[in-house]
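Visitor: Please take a close look at one part of this structure, a loop with an unusual backbone angle. From there, please work outwards to the interior and to the other chain.

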Amino acid sequence: MNLNDSIVSRFMENSGILPPPEEFGKIMEAFPEHVGLLMAFADSLFAKRKFNAAAGIYAKASRISIKSGLVLQAILAKQCEWKTSEPSQSELEAFHAAIGGTAKNSNPLNAFFAQMAFSEIFAFMNKLKRLRLSSGEVFINAGDEENAIFFVVSGILRRITGGKMEGQTEFKSDMISAIGANDWFGDIYPFEKHFYSPYKLEAATPVEVAEIEKSKLKNLCGQYPNIELLFRNLSDCKKSSTGKKILHTVRKARRYQIPTSVDLKIFHLGDRKELSSVKGITKDLSTAGACISLDENYLAGAVQVLVGRRIKAELVLPGDNLRITVLGTIVWAKNMLPTGKRGLEIGIEFDNLPSDTAELLRNYCQAGNGEQQLILSLWESLRKQ
Amino acid sequence: MNTNSSAKISRLHEPNGKPQQYEPEIWAVGGGKGGAGKSVLSTLLAYWLAKMGKKTVLADLDLGGANIHTLLGIRNPQTSLGDFIAKRKPALEEVSINTQVENLSLISGTSEILTSANPVYAQKIKIIRNLRRLNAEYIVLDLGAGSSYNVLDFFLMADKKITVLSPQPTSIQNGYAFLRNAVYRKLSFACKQHEFLNNLIDIAVDPQNQLKVRTIGELLTVVAESNGNGARQKLKSIIEQIRPAIVTNMTSKNTGKAASAVVQTVCQKYLLLDAVNIGSVGYDKLIAQAVSNMAPLTELQQSSEAVLGTYDVAQNLLKTNFG
């Protein structure tokens with residue numbers, strides 16, 4: 001977790017408690033455009049009934065969010081701002097235009113909001129409710145009926161699938177994935193059907209979501225058929241062509257099946273203290289992330305504590321002393337026990353890589369699997385001759 | 001290669017009585033990875049050509065990190081390629097400066113080019129065209145690291161395309177990736193007027209493409225099926241024109257041969273590319289010391305194994321017909 005996140009976490013964990021003014025001044029100076037921080041501060045002011053000051057900061061958070069292409073966050077900030085004072089028609093029109101001007105292709109959620117008409121977006125905004133969870137809090141249990149959709153504003157949730165194995169009494173997780181900002185969950189469409197959660201969801205970090213209840217959304221869709229069309233498209237995004245749910249955290253870069261040794265340092269949530277060091281091998285690798293099989297000595301039961309943790313990985317390029325260091329987050333973890341192997345697999349999403357590291361990794365990946373293998377095996381045999 | 005220099009000299013003799021003109025042969029030194037020794041090798045190749053009595057220009061085209069003047073012991077070159085690009089000097093001849101080595105001139109590079117504008121293809125053509133007008137027999141281009149279009153285009157425009165590796169798997173992988181990118185860049189450029197073929201090549205560049213085209217051989221089969229055998233033959237002949245020279249730098253024992261053999265085998269199998277092993281240059285700590293002390297590499301002369309090794313490489317490059 002980086003410094004920004006840990007400061008914001010402190011605010012969110014201690015909602016309503018302001019730091020001493022001099023400390024806060026320094027923090028705001030250091031992160032003047034951090035939306036999470038601005039929102040947390042504005043919420044604190046709002047709780048102290050300092051409405052004008054809060055409104056100004058909500059407005060700033062909304063502006064920065066729009067500029068960064070974060071439509072959901074902008075909507076939430078605007079919604080908070082307008083709780084303090086009624087918006088004028090021109091303000092409403094300007095905000096609608098700003099949402100429509102964001103890149104519709106940047107993510108499905110932005111497309112969902114950006115395609116709403118003027119009256120539709122504000123009707124939808126009126127039904128959204130902000131919710132917060134502390135880390136470790138369970139959001140939904142496997143088997144619970146799904147009766148709302150939730151849009152993740154900030155934080156990371158663990159989605160744990162699994163069940164009771166034969167002869168066992170305890171729920172065993174076999175796959176954990178992460179849900180992060182601008183993702184959403186809650187299977188409620190078609191509205192006539194009843195859906196039950198196939199997984200347990202819990203907050204891995206402090207989490208903020210925007211909720212809209214199924215019954216309210218159904219009514220809204222009755223009034224605004226375009227919202228239903230857009231919502232159906234959004235629901236379809238989560239389903240593959242076979243109708244099965246697709247995995248979250250689809251990596252933006254192409255993956256290459258190149259086995260590469262990795263030395264991994266895993267950190268505690270919320271600070272930089274090292275939880276453990278472990279060795280692994282990449283199952284696939286890209287400039288955006290990696291799937292890593294951890295050393296078999298690693299405890300197989302650790303999946304539940306891993307997701308959401310920050311890591312530092314050193315990729316050891318074969319036959320050479322060259323090491324590539326990357327920082328990232330564990331976004332899913334899976335036990336290997338059901339497959340008869342010890343250990344576990346984890347999915348890592350890298351932070352943005354420095355350009356030289358990205359170039360090195362891209363070159364390493366892009367020679368193609370067949371070529372890579374041929375180069376390495378030829379080298380191994382020819383250099384000994 | 002200038003096997004018949006005298007004929008070219010007489011053909012290019014200008015009628016207005018100006019000094020005799022050569023038709024220079026351009027050698028480009030490239031390779032994927034930084035640190036393989038491209039700049040050192042370029043400098044030493046140019047040095048040996050000059051010592052052999054051949055009028056030579058060493059041009060620093062490492063647009064992001066021009067430094068070759070330092071390897072020749074020149075701290076602050078008075079003029080550079082940037083002056084030509086910025087039109088402060090109308091001819092490349094005017095940005096060429098003499099060095100301490102007889103017959104060897106230098107066109108110093110500049111990072112100014114990168115900041116003012118990345119040269120577009122037409123500018124690259126202009127640079128190459130003007131390089132060819134220089135009054136020299138050989139022009140050695142030191143290209144930057146990586147596989148950017150700038151680097152690939154200058155590499156592909158040269159008469160002799162030299163790829164430098166060091167004997168480590170990562171360097172071999174990068175050297176191969178560089179040649180792979182060069183092949184696809186050349187094909188893509190050759191087919192730029194042909195939308196279908198151009199798209200096909202764009203798809204095939206990705207080693208894990210959905211068409212399952214994994215090699216140039218497979219690509220040519222698809223081309224033959226879609227556009228006939230003529231198109232296939234045309235693309236094949238374009239690849240045959242590339243014929244890169246492989247030089248392994250900083251070698252020990254037989255690692256040079258092994259590194260080159262790996263690249264040759266993989267190039268042949270996956271790219272139908274006939275790469276030629278030109279030789280290797282041994283690791284020499286004197287080079288590292290000279291670079292560190294900012295002493296001219298050319299002063300090392302026969303005391304350095306690497307300098308001597310580069311002589312053999314230069315001779316092999318002169319002898320080998322890449323046509």
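Guide: In this predicted model, Met294(B) lies in the loop of chain B that runs between helix H12 (285-292) and helix H13 (305-319). The backbone is notable at this residue: the phi angle of Met294(B) is near 55°, a positive value in a residue other than glycine. With a relative accessible area of 40%, Met294(B) is classed as partly exposed, because this value falls between the 20% limit for buried residues and the 50% limit for exposed ones.

A second loop of chain B offers a parallel case. Arg243(B), located between helix H10 (216-240) and strand S7 (245-251), likewise has a positive phi although it is not glycine, here near 35°. The relative accessibility of Arg243(B) is 21%, and this residue therefore counts as partly exposed, since the buried class is reserved for values under 20%.

These two loops belong to a chain with 13 helices and 8 strands. Chain B has 323 residues, of which 55% are buried. Its accessible surface amounts to about 13700 Å², and carbon and sulfur atoms contribute 48% of that area. Among the contacts in chain B with a separation of 6 or more, 74% are between residues 24 or more positions apart.

The interior of the chain can be followed from its nonpolar residues. In soluble globular proteins, nonpolar side chains tend to be buried together. The largest nonpolar core has 66 residues, and the members that touch the most others are Ile107(B), Leu131(B), Leu141(B), Leu187(B), Ile216(B), Leu219(B) and Leu271(B). With residues up to four places away in sequence left out, the partners of Leu131(B) are Pro24(B), Ile26(B), Ala59(B), Leu92(B), Ile107(B), Ile139(B) and Leu141(B). A separate, second core of 41 residues has Tyr138(B), Ala245(B), Ile278(B) and Val307(B) among its members.

Ile127(B) gives a further view of the packing in chain B. This residue is part of helix H6 (residues 121-132). Its relative accessible area is 2%, so Ile127(B) is buried. Beyond its neighbours within four places in sequence, Ile127(B) contacts Phe84(B), Ile85(B), Leu92(B) and Phe154(B). The last of these partners, Phe154(B), is 27 residues away from Ile127(B) in sequence, and the two C-alpha atoms are 9.2 Å apart.

Helix H8 of chain B leads towards the other chain. Within this helix is Ala177(B), which is buried because its relative accessible area is 4%. Ala177(B) and Gly31(B) are 146 residues apart along the chain, yet their C-alpha atoms are separated by 8.8 Å.

Residues of H8(B) also help to enclose an internal space. The whole structure has 5 cavities of 30 Å³ or more, and the second largest has a volume of about 40 Å³. Both chains supply its lining: Leu317(A), Leu322(A), Leu360(A) and Tyr364(A) on one side of the list, and Lys33(B), Thr170(B), Gln173(B) and Asn174(B) on the other. Two or more of these residues come from each of helix H12 (355-366) of chain A and helix H8 (169-190) of chain B. The largest share, 3 residues, is provided by H8(B). By class, the lining comprises 4 nonpolar, 3 polar and 1 charged residues.

Chain A, the other contributor to this cavity, has 13 helices and 14 strands. Of its 385 residues, 50% are buried. The accessible surface of chain A is about 18500 Å², with 51% belonging to carbon and sulfur atoms. Residues 24 or more positions apart make up 67% of its contacts with a separation of 6 or more.

Chain A has a backbone feature of its own: the peptide bond between Tyr189(A) and Pro190(A) is cis, with omega at about 0°. Pro190(A) sits in the loop between strand S6 (184-185) and strand S7 (200-203) of chain A. Elsewhere in chain A, Lys283(A) belongs to strand S10 (residues 274-285). Like Met294(B), which has a relative accessible area of 40%, Lys283(A) is partly exposed, in its case with 43%. The C-alpha atoms of Lys283(A) and Ser293(A) are 6.6 Å apart, while the two residues are 10 positions apart in sequence.

Note on methods
Residues numbered from 1 in each chain as written. Chains lettered and ligands numbered in written order. Predicted model: local features only at pLDDT ≥ 70, side-chain atom pairs only at ≥ 80, totals over all residues. Heavy atoms only, no water. Helix = DSSP H or I, 4+ residues; strand = E, 2+ residues; numbered from the N terminus. Buried < 20%, exposed > 50% of the residue type's maximum accessible area, 1.4 Å probe, protein only. Contact = heavy atoms within 4.5 Å. Areas by Shrake-Rupley, 256 points an atom, 1.4 Å probe, with all protein chains shown as cover. Core = buried A, V, L, I, M, F, W, Y, C linked by side-chain atoms within 4.5 Å. 1 Å grid on protein atoms, 1.4 Å probe; cavity = no way out; pocket = protein on both sides within 12 Å on 5 of 7 lines; lining within 4 Å. Points joined across faces, edges and corners; volume = space filled by probe spheres on them. Nonpolar A, V, L, I, M, F, W, Y, C, P; charged D, E, K, R; others polar.
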